[in-house]
2 protein chains.
Amino acid sequence: MSYEKVSREEDYNKWYQNLVVNADLAEHSAVRGCMVIKPYGYAIWEKMQAQLDRMFKATGHSNAYFPLFVPKSLFEAEEKNAEGFAKECAVVTHYRLKTNPDDKSKLMVDPEARLEEELIVRPTSEAIIWSTYKNWIQSYRDLPILVNQWANVVRWEMRTRLFLRTAEFLWQEGHTAHASKEEAIQETVQMLDVYSEFAETFMAIPVIKGVKTENERFAGAEDTYCIEGLMQDGKALQMGTSHFLGQNFAKAFDVKFTTQQGVQEYVWATSWGVSTRLMGALIMCHSDDDGLVLPPNLAPIQVVIVPIYKGSDQLIKIDEVANKIKNELELVGISVKYDNRDTQKPGWKFAEYELKGVPIRLSIGPRDLENGTIELARRDTREKEVLQQTDLTGKIQNLLKQIQENLYLKAETFRDNNITAVNTWDEFKEVLNTKGGFISAHWDGTSETEETIKQETKATIRCIPLNQKAEIGKCVFSGKPSNGRVLFAKAY
Amino acid sequence: MSYEKVSREEDYNKWYQNLVVNADLAEHSAVRGCMVIKPYGYAIWEKMQAQLDRMFKATGHSNAYFPLFVPKSLFEAEEKNAEGFAKECAVVTHYRLKTNPDDKSKLMVDPEARLEEELIVRPTSEAIIWSTYKNWIQSYRDLPILVNQWANVVRWEMRTRLFLRTAEFLWQEGHTAHASKEEAIQETVQMLDVYSEFAETFMAIPVIKGVKTENERFAGAEDTYCIEGLMQDGKALQMGTSHFLGQNFAKAFDVKFTTQQGVQEYVWATSWGVSTRLMGALIMCHSDDDGLVLPPNLAPIQVVIVPIYKGSDQLIKIDEVANKIKNELELVGISVKYDNRDTQKPGWKFAEYELKGVPIRLSIGPRDLENGTIELARRDTREKEVLQQTDLTGKIQNLLKQIQENLYLKAETFRDNNITAVNTWDEFKEVLNTKGGFISAHWDGTSETEETIKQETKATIRCIPLNQKAEIGKCVFSGKPSNGRVLFAKAY
C-alpha cells in the first residue's frame, strides 16, 4: 500500500495512471503497447460485459465468433476502411520458428515458412465478416442478420495509455445486415440508445448522443453515431460508436439478396462497438484523490465488512455477526466481502477498499458488539453513520441505489456546468484554455474549418448532437452561415 | 434444408463435417485453418463457458487478461515449452501497411515498419503470464495466485477439422502459482476433477481420468493429467488437460518468493485448459444420422413448440395455448422457442429441430385444441407421446433430467463395452483394427516401445488411468515386465 499518491490537480494524467496500477486494475505488459488486465479490473469488465450482453440479446442479437486474422486481399477490399486502418496493422508474415543455428538456445523466424498472403491481425472485423455474410445471404428471408462478437482487436499505437489507448484491446463489435436502408438506420440508432442507457444507468455517466462529422467518421461508414462523456479534467471521451455503413461493405464483397419482389439488391449494414476504453471512462469520471469510486451497479464488491478487534475471542464474536450480515445481504443479491484476514490492520483495509472504490464499508468493533450496532461509511460522500444491526438489508439496498443516483447526478451537474456556448473565436480559445469542457458553437459545416480549428487548438468536433436546435448563426471561426451549434472539445 | 446426408457408417468424418455445417454450428472461413463459429454453435459454447466459469469461481479462481502477443525472447525462455510450440507459431513481423506503388488500390507490408523483435501470437500463455507473475510475487503472502483467462490462441496446423483442430481456437487457460509442490499438485488434480465433473454432468460424456506418458506430456510440464472420452467411431478424444509445471517456468522467468521462514524459493506452477474442441466431443459423442443430439444441460433451446394449423384462425388459438405453455416453462428456467413462422411447414420445422438437437419437441394441432392435449417427441429416443396440457411443466422438468441421464448412460455403456483388455500383440492389433475403442494392455514403461507401437498402429497411450490397478504382467509389445495396464487408442 505504499505508493506515490498524486492528486488530480497536481497531475491528472499521473493521477490516472497511478490509480489504474495501484487499484489493481491493469498494468503495462512486456509487450509494447499491450496491457495486462488484472483480476480486479477484469471483474469490473465482466460486469460490464454481462450487462451489455443482456441488452444485446434483449434487442434480438446473438453472439458468434469470426477469425482473428484477415487475409490482406479481403482487408483491402473496402478501400476507405482499409486506408483508415492500414497504418496501424499488425501483420503476420510467417507461421513457424526454428532453432537459431548460431545459438541453439534461441529461436528464429523460419524464412522457409513465409505465408503466401500476409494476414492482418483484425483491427476491426467488417472485412472478414462481410466476406462470410456473402455466403449466408441469398434472399430477404435470410435478413436481418443480428450478430455480435466479443473479441480482442489490435491497432498499433505509438503512444498508449492503460485502457484508453492500447495496441490490443477487448471489445464487442455488432455487425448487422438488413434488407432496407431505413431498417439499418433504425438498428444504428437503437444500438446507440442501448449504449447510452448502459452508460447512464450502469456506469452513472451522462452522455451526449450525436453524429460525427465527416472528418471523425469511422473509415467505411456513411454515418457514425456516438455517445460522448465528459471527464473531470474537462476532456471529452468517446464512449461508444454505432455506424450506418450503407451498402459499402455489401458492394466491396458483392453481397446481394433477392427482395420479396424478386429483385437483386445490395444488403444494408451497420456495425457498433464499445471497448475496454469504457474502463478508462468509468475510472476517470467518478474517482477521487484517494482512489477509485465505483457505481454500485458495476462494483464487483458492493459492500465490504471489516472487523476491528483485539485477540481471537473478539474476532470469533465479530465473525458471527459479520457472517450473518453477509448472508442476509447476499440473499438479496448484494455482493459482499468480509475481510477478516489477520495479516493486515483495519486502517490498512480501510485505505485499501477506498482505493478499490467499494461503495459501502461496514465495520464492527467491540463496542458495536455490545450495542448491536455497526458503522457504515459511504465511499462517494465519505459520510459515516452508526446503524442498528437489525433492518440493515433494506437500508443498504436503498443506499446502493442512492449512491448510484448520486454519482450520476454529480457527473451530470459537472457536465452541464461544463457545456459553454460561445459566439466568438476569442471566447472559444479562452474557454477552451481556462475552463475546458464542451464548447457549443456555430460551425460552417466544412472539413477545412474543422481541420484548422483542430490544428490551432487541438479541439475537435465531438459531435453534432441529436437534439441540436435549429438556430441561425455564424461560424465561430470563419463567420460563414450556420444552422445550428455543434460540440467542440479536447478529447481522449 | 437440402443437404447431403451421410450416415456415420458410410463415412464418419464426412458425417461429422456435414453435421457441423448443416446444424449451423461452424464453418470454414476465408482464412486457412480458421473457423467461423456460427450463432447456434456459439450459443452452445456460451453455455459451456458459463458453467465452467461458475465452477472455476467456486474453486476460488478469478479471471484476468494477458496480451495476445509474446515477444520472441520471452517465448524462448522456457526451452522445452518453446521447442514444443516453435513449429506451429504465427509470427507478427511488421506493424504497418502502405499503399502499393505499383497498384494504388492495393496495400503492401511497409518494409520500414519491421518490428525490432518479432511477436509470437500466443499458442499458450505460460511465458507471458510467468513474466508478469514475476512482478506480482515477492512473499508467501502473495501466494497462491489463482487466475484463469478466456482467450483465443493460435497453433498453425496443416490439417484442420472444425472444432477438433483449427489454427485459431477459443479456450480457457488457468495459470496458478503456489508456495509448495504439494499445493500445486493438489490444484492440478482439483482442476482435473472440475473438468471431469463438467464433462460427465453437463456434456453427458463419461471420461477416464489419467496421467499422460512422457511422450504425450505438455511441453514444459512435469506431469500432464487428462480426461479422455470415447467417440462413436471408437476413437479417443482428449477433452481437457491439467498440468503440474513444477518450478520450470519459475526458473525460466526467475520467479522466487520469500517463505514464512524467510528463505527464497522458486514458485510452483500449474496450468489447465479446455477449448472449443469440447464442441467436437459433444457433437461426436451423442449425435445420430439425423443430426445433433444435445444434452439438455447445454442445449440453447431445450424445448421447441411447433404449431400445426390451417389458416390464421387456428394459428391464433394455438398461439394462445403455446405462449401460455412457453411462459410456464420459462418460469422454471427452461429455455423454450415457439416457432410459429409461416414461411416454413411443420415437417420442415420437425427436421430442422431434429438436426439442431433440441431435446424436446412439442407440437399442437387442431385436435389437440379440442382435447386439451399436446404431442411430445424426445430427440434422443425418438419416442412420442400425447400429454394433457395441464401439469406439463413438472413432466418436462423430469423428462429433461431423464434425457440428460439417458445420454450419459448410453455413452457410458458404449464406452465400457469398448474397453478391451488384451494380453498379446496379435490381439492388440486385431482389436484395434476391428473393434477400436480403448485397449487396456501392459506396457514396459519406455518411450521407445510407445513410439514403435504408435508407428506401427497409430495407437497412442491415451493415459495411465488414475485408478490403475497394480497388476504384474508383461508388456504387450516387448514382453518386458510391467506393473499395470495403460489405455491405448487411436485418437483425434
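Two strands are taken to pair if DSSP finds at least two bridges between them. With that criterion in hand, this report describes a predicted model, beginning with one strand of chain A and its two partners and moving outwards from there.

**Strand β19 and its partners**

In strand β19 (residues 360-364) of chain A, A:Ile360 is the bridge partner of A:Val303, a residue pair that belongs to the parallel pairing of strand β17 (residues 303-307) of chain A with β19(A) over five bridges. β19(A) also pairs with strand β20 (residues 373-378) of chain A, here in the antiparallel sense and over four bridges, and in β20(A) the bridge partner of A:Ile360 is A:Arg378. A:Ile360 therefore has a bridge partner in β17(A) and another in β20(A).

In a regular strand the side chains alternate between the two faces of the sheet. For β19(A), A:Ile360, A:Leu362 and A:Ile364 lie on one side and A:Arg361 and A:Ser363 on the other, and all of them are buried, so that both faces are covered. Because five of the five residues of β19(A) are buried, the strand is largely enclosed by the rest of the structure.

**Strand β23 and the β-α-β unit**

Strand β23 (residues 438-442) of chain A can be read in a similar way, since four of its five residues are buried and it is therefore largely enclosed by the rest of the structure. Strand β22 (residues 419-421) of chain A runs parallel to β23(A), the two being joined by three bridges, and A:Ala421 stands opposite A:Ser440 in this arrangement. Together with helix α13 (residues 425-434) of chain A, β22(A) and β23(A) make a β-α-β unit that is right-handed. β23(A) also pairs with strand β27 (residues 485-489) of chain A, in the antiparallel sense and over four bridges, with A:Arg485 of β27(A) as the bridge partner of A:His442.

The domain assignment of chain A gives domain 1 (12-70 + 134-286), domain 2 (299-402) and domain 3 (419-489), and the C-alpha centres of domain 2 of chain A and domain 3 of chain A lie 49 Å apart.

**Helix α2, a hairpin and A:Arg8**

At 1.5 Å a residue, the 20 residues of helix α2 (residues 39-58) of chain A should span 28 Å, and this agrees with the 28 Å between its end C-alpha atoms. The buried residues of α2(A) are A:Gly41, A:Tyr42, A:Ala43, A:Ile44, A:Trp45, A:Met48, A:Leu52 and A:Phe56. An α-helix has 3.6 residues a turn, so residues three or four places apart point the same way. Just after α2(A), A:Gly60 takes a positive phi of about 90°.

Strand β6 (residues 97-100) of chain A and strand β7 (residues 103-109) of chain A run antiparallel and are joined by four bridges. They form a hairpin with two residues between them, and A:Asn100 stands opposite A:Asp103 in β7(A).

A:Arg8 is placed in the segment before α1 (12-22) of chain A and counts as partly exposed, with 17 C-beta neighbours inside 10 Å. Leaving aside residues up to four places away in sequence, A:Arg8 touches A:Trp15, A:Gln232 and A:Asp289.

**Backbone exceptions**

Most residues other than glycine have a negative phi, and most peptide bonds are trans. The table lists backbone angles that depart from this pattern.

| Site | Backbone angle | Location |
|---|---|---|
| A:Leu143 to A:Pro144 | cis, omega about -5° | A:Pro144 in the loop between α5 (126-136) and β9 (145-154) of chain A |
| B:Leu143 to B:Pro144 | cis, omega near -5° | B:Pro144 in the loop between α5 (126-136) and β9 (145-154) of chain B |
| A:Asp254 | phi near 55° | loop between α7 (248-252) and β14 (256-258) of chain A |
| B:Arg382 | phi near 65° | loop between β20 (373-378) and β21 (384-388) of chain B |

A:Asp254 counts as exposed, with 11 C-beta neighbours inside 10 Å, and B:Arg382 is exposed as well, with 10 other C-beta atoms within 10 Å.

**The two copies**

Chain B is superposed on chain A by a rotation of 180° with 0.0 Å of shift along its axis, at an RMSD of 0.0 Å. The two copies are thus related as by a two-fold rotation axis, and in chain B the C-alpha nearest that axis is that of B:Val92, 2.1 Å from it. Because 100% of the interface residues of chain B are also interface residues in chain A, the copies meet through the same surface.

Definitions and conventions:
Residues are numbered from 1 along each chain as its sequence is written. Chains are lettered from A and ligands numbered from 1 in the order in which they are written. This is a predicted model: local features need pLDDT of at least 70, side-chain atom pairs count only at pLDDT 80 or more; totals for chains, interfaces and linings use all residues. A residue is buried if 20 or more other C-beta atoms lie within 10 Å of its own, exposed if 12 or fewer, and partly exposed in between; C-beta atoms are placed from the backbone. A crossover is right-handed if, with the strands pointing away from the viewer, the path from the first strand over the helix to the second runs clockwise. Domain bounds come from an automatic or database domain assignment. Two residues are in contact if their C-beta atoms, placed from the backbone, lie within 7 Å. Copies are superposed by least squares on the C-alpha atoms of residues with pLDDT of at least 70 in both. The expected span of a helix is 1.5 Å times one less than its number of residues.
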